Amino acid sequence: MEPPAAVGTGTGGRLRAAEVIGTLCLATDLGMGFPFEHGALTTVIAMRLAACLGVDRETAVQVYYASLLSHAGCTADVHVAAEVFGGSLTEHLNPLMYGSGRDILTGLVRALPDPDASGLARTAQIARRFPRMTRETRPALVANCEVAGMLADRVGAPTAVPGLLAYLTERWDGKSPLRRASGEAIPVAMRIVHVAVDVAFQLQIGGTDFARRVIGDRAGRAFDPWVAVAVTDASSEILKVEEGSSVWREALAAEPEPWLSLDGKQLDLAVAAMGRFADLVSPYHSGHSAGVAELAGAAAQRCGLDPGGVRTVQRAGHVHDLGRVAVDAATWGKAGPLNADEWERVRLHPYHTERVLSRSATLAALAPVAGAHHERLDRSGYHRGSPAADLPLPARILAAADLFHAKLEPRPYRPALTRAEAAQTVLAEARSGRLDPDAAAAVVEAAGERSPRVMHPCDLTDREIQVVGLLARGLQTKQVARRLGISVKTADSHIQNAYGKIGVSSRAAATLFAVEHGLLAWGEFPIPGQQVRT
């Protein structure tokens, strides 16, 4: 089956807020360990419920955005949870979140031991971790609600939604851990969202009949009976899920009209918030995405990108690590070497960034840049191992900025470097042919450090780079000399010097080298004899 195409949903030159917030919702699927588009499915179910209940438009809008953002706080204090729980809270706790107090405690306890622990080891881990679990549960829930509300405000949700998310964990019977409200004191929109969230879980576990039975059992306890009965007595259409289909389009179409939209400045604020969401997965990465975006934007200006190109680099810098949330916090906090499985998950986080961004037609334009931040010109990077020819200048700038800023930050396996040390690291990568020399120099200078002469692959000079590029375009020695305004003898000397440094003796081999190392700038030197077409 082909993946669903990105959907263009702009309105009059503006971007639909649902596209941006829906993209964040996809990222929360990764952070929670849900199936992809689980949050979108939850939103579709919530809107079907709202329609069945006949709520007014204002309430329907609140249901829509609160549902998309219902797990936006999933990265809050996740590193603490990784220290307390050895197992998956998503697997053990979330299906029981709206059950009885005993159900909830059972889910928490089941998540305490490591998955492979058994017998006495399992019992010992539960006993050792239980006291901290009791201390950390309430603060974690508070943080989850607060972060979700703050992100809702930053990504452009309607003004009522951030306040609604304070009721994320409340119950109809008032027996929630935070005890903030009960019954009709809980906003109607959140009563609908609570049911939709649980329905989506139960559908995943046991299907339609199972979901109806569970919701019915929890009516009058966790859930408003008025909302729950819409599930238990409804036609199969409310809970209908087509196997193998994408619900992204349906989720976007479910927003009540007129659709909420964002202008360029609001989009900048939204992508910055998405970066902060990703960075919360580990305290070692706090502020990383914002720092990379600022540095990459400044370097892009130094490299001569136009304002649109600079903006793309900056926005890609904010969201480049969205895929980081797909990797558990324990891995990011590990001081020792990663095992094969951990490394594979780390290696794929840029892929997950691309995957999340690709659903939105507007944000999909950032995916090739954002997803390439760990690629290297010599194909030693990840996740694709792309050759230099496949890495445009914006991606090269972001890769250098990401490395520089990462070196300024402490990691569990090393201390932070000084700015001078970070600069030397980046420049060394350029000298070795892994980073683009111009991009590396621009990043170092944008960071306020001095950059020595840019070093090209094989220590080629700037003039030799030009000569090799012209040869690759099919120019003969005399034509190269004429194009560069130098003598034929000087041109031939540059050619022979370049061949010697590269270790080749033919134009074809030099062309292959130029392509592999990204030395060709299309449009800089036209191929001779070609007609100019408009």
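Which residues touch the most other members of the largest nonpolar core?

**View 1. The largest nonpolar core of this predicted model.** Look for Leu-49, Tyr-65, Leu-69 and Leu-322: out of 122 residues in this core, these touch the most other members. If you want to know which helix gives the most, that's α9 (residues 188–218), which puts in 13 residues.

**View 2. A closer look at Tyr-65 and its contacts.** Skip the neighbours within four places in sequence, and Tyr-65 still has plenty to show. It is in contact with Ala-17, Ala-18 and Ile-21, with Pro-158 and Val-161, and also with Glu-255 and Leu-260.

**View 3. A second core, separate from the largest one.** This one has 21 residues, among them Val-467, Tyr-499, Phe-513 and Leu-519.

**View 4. The buried residues of helix α6 (residues 101–111).** Here you'll find Ile-104, Gly-107, Leu-108 and Ala-111. They end up on the same side of α6 because they cover an arc of only 95 degrees around the axis. That fits a general rule: an α-helix has 3.6 residues a turn, so residues three or four places apart point the same way. As for what covers the buried residues of α6, this includes α5 (89–92) and α7 (119–154).

**View 5. Where the prediction has low pLDDT.** Across the protein the mean pLDDT is 90, and 93% of the residues reach 70 or more. Over residues 5–12, though, the pLDDT is below 50, and the model gives this stretch 23 contacts beyond near neighbours in sequence. Residues 521–534 also stay under 50, with 13 contacts beyond four places in sequence.

Methods
Residues are numbered from 1 along each chain as its sequence is written. This is a predicted model: local features need pLDDT of at least 70, side-chain atom pairs count only at pLDDT 80 or more; totals for chains, interfaces and linings use all residues. Side-chain values use heavy atoms; hydrogens and water are left out. pLDDT is the predictor's confidence in each residue, from 0 to 100. Contact means heavy atoms within 4.5 Å. A nonpolar core is a set of buried Ala, Val, Leu, Ile, Met, Phe, Trp, Tyr and Cys residues joined through side-chain atoms within 4.5 Å. Buried means under 20% relative accessible area, exposed over 50%, partly exposed in between (1.4 Å probe, protein chains only). Helices (H or I, at least four residues) and strands (E, at least two) are DSSP runs, numbered from the N terminus. The arc is that of the directions from the helix axis to the C-beta atoms.
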